[in-house]
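Trainee: I should like to go through this model by asking what justifies each term. May we begin once it is on display?

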Amino acid sequence: MHNSKFIARVMAPGTALVSSAASAQSIDETVNQVFSNSTGWFVSFIFSPFPGTSFPWIVAWLVIAATVFTLYFGFIQFRAFKHSISLVKGDYSDPDDAGEVSHFQALATALSGTVGLGNIAGVAVAVGIGGPGATFWMILAGLLGMASKFTECTLGVKYRNEYEDGTVSGGPMYYLTKGFAERGLPGGKILAVMFSVFCILGAFGGGNMFQANQAHQQISGILGGYPGWITGVIFAGVVFAVIVGGLKSIARVTEKVVPFMGVLYVGAALIILIMNYDKIGWAFGQIFAGAFTGLGVAGGMVGALIQGFKRAAFSNEAGVGSAAIAHSAVRTKEPITEGFVSLLEPFIDTVVICTMTALVIIITGQMMIDPATGNYLVEGGKIMTEGGTSGVGLTSAAFGSAIGWFPYVLAVAVVLFAFSTMISWSYYGLKAWTFLFGEGKSKEITFKVIFCIFVVIGAAANLGPVIDFSDAAIFAMAVVNILGLYFLMPIVKKELQSYLSRLESGEIKKFK
Amino acid sequence: MSSKYVVACDESPASDRALQFAIDQAITSGASILIVHVLEWSPYSFLTPEEIEERHKRRKEELSRAQSALIDGLVAKVSSAGVEVDSTIRYGHTAKIVAEIASQKKASQLFIGRTGDGGISARVFGSVASTIAQISPVPCTIVP
């Protein structure tokens, strides 16, 4: 009698804990259900393929645009690369302008927004579905995308609003409105409004939910599984303290630590590549073979291409227009200089950092190959991996297989990257929000609170619906933005020609 | 041609003493004084997007604050001693800027206060005064 009562009393807190964990789990499930139901139609539209194929029209839209800009500006990304580096180093910076935002600062801030979970987890998703070949298409998309960034950031500076108190507001919503009006074209305002709406959604999706989601996955991979909304609430709390409470110190620390972590990440990747130097040739072989044959992945070569392009666009945001918002605040007499500086971003983000992630995943042999055919073993549209990992887990396993303790460092890096991307995108979303609804404290707070709520949702939902919605929202921004860029690119060409001729004639001074 | 003294000024007591010393010297030698105030700044630091947006406004505020809270007072002090005076506020690395100005303006001497942090901190991280002593292109006087 006593025994059973005793046992019951001991068991009671245990069962309470189990049942509360179970109900916490189902909060996650409910959130996930509601979310995927409400966003499904939007995702389907954005990613609908050309009839009779599996090729999404949005991917074609982005890549064709990048190619058009590359050709229209005469491969500016390669011609001006060296000049971009000089600008960032400060060679052309007037000493009297010291104390204003430098080109380096603009680049670093914009990069801190784009370098995020897309570089770590997104690449793993791309390579996990499209195979190593996706890397080739990703690099190509990165190189082409440099021209898109060049165009939009030049326009961002040229058509910004400068207010009396010295602050500036710029970005696609401004250049669509003002640029179209200047060229006498109708519809600028409508495009600007559409862009703002999608930018807000993009801020909630890729700039927020995806980051929280993958950050939680990495943390729970280290600490052991627990419900996502808990990570979400903690993250949301910190983000709230920074963007609403104005606790700038946190943001400042992050901004300084993130570049360091970026260097550490690339450094670790290089070490792993060197450790496996004998397999580097094989890895590149896989990349090229996979790029053109697919090596058994779902969708073959086209599958690899789609995944590569998707991830590049999502990661470096070329053509999306967000970087134009960041760069527009830089004080410069020559808008084109911000274009030059910004074209380094897709290079650093995609061609360097994303490629590092992909190479490490490939070279550590995380993905399972059928020894008979040399093709990758595919299950359910994804490549089978050692340990069944995907997303950030795959990257973590890849690094961890070579440097045992790296997953812990990666967890710290993931949290910091996620956080800095969230801070940057909360800013972009806010700019779009105030464009639509006007400036004002209460309007700002409304947006910021909603933003924090989405942090929780992102951490709680499953990766699938989250990444789909994130992608869709960001690509929707690119639809509107690129349409605008097509009409406004002659303006950029004039700026470019004027600047280059003055550079040659020596009118543009070199100070160092 | 009268010679020019460059005096690096900030809000520290040592800087006041340096300026006073320079004034005394200038009265005897008939030199003019150029007051230089440097706001520490690096183009390679990292900013949040909001800081970038506000930077231009902040910069104007910082300049006007430095002018009214510090420079105007110092200029008045030098003028009332009967010495010709000019001033400039710049952004950057203090020692480097001061040395550059001394060279550009062909100063005959450079004055700076030794802020006496002393001890390990100055030995490990250096101080502006000791850096100036290393890189100054003109004779420099460090006033304790």
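Mentor: Consider helix α3 (residues 94–104) of chain B, which lies across β1 (4–8), β2, β3 and β4 (109–113) of chain B. This is a predicted model, in which local features need pLDDT of at least 70 and side-chain atom pairs count only at pLDDT 80 or more, while totals for chains, interfaces and linings use all residues. Residues are numbered from 1 along each chain as its sequence is written, and chains are lettered from A and ligands numbered from 1 in the order in which they are written.

Trainee: What makes residues 94–104 of chain B a helix, and at what angle does α3 run to β2(B)?

Mentor: Helices (H or I, at least four residues) and strands (E, at least two) are DSSP runs, numbered from the N terminus. The angle to β2(B) is about 150°; axes are lines fitted to C-alpha atoms, for helices over the stretch in contact, and angles run from 0 to 180 degrees between N-to-C directions.

Trainee: How do you know that strand β2 (residues 32–40) of chain B and β3(B) pair?

Mentor: Two strands pair if DSSP finds at least two bridges between them. β2(B) and β3(B) have eight bridges in the parallel sense, so the criterion is met. Within this pairing, Leu39(B) stands opposite Tyr91(B) in β3(B).

Trainee: Why are β3 (85–92) and β5 (140–143) of chain B called edge strands?

Mentor: The open sheet of five strands has the order β3-β2-β1-β4-β5 (chain B), with parallel pairing. β3 and β5 of chain B each pair on one side only. Neighbouring strands of this sheet are turned by 20° against each other on average, direction ignored.

Trainee: How many residues does each chain bring to the contact between chain B and chain A?

Mentor: Chain B gives 21 residues and chain A 28 residues; contact means that C-beta atoms, placed from the backbone, lie within 7 Å. The largest share of chain B's side, 10 residues, comes from α2(B).

Trainee: What supports the description of chain A as agreeing with a compact globule?

Mentor: The rule is 2.2 Å times the number of residues to the power 0.38, with the radius of gyration taken over C-alpha atoms. For 512 residues this gives a value near 24 Å, and chain A has 23 Å, which agrees.

Trainee: How confident is the predictor in chain B?

Mentor: Chain B averages a pLDDT (confidence in each residue, from 0 to 100) of 88, and 92% of the residues score at least 70. The model scores ipTM 0.86 and pTM 0.84.

Notes
Two residues are in contact if their C-beta atoms, placed from the backbone, lie within 7 Å.
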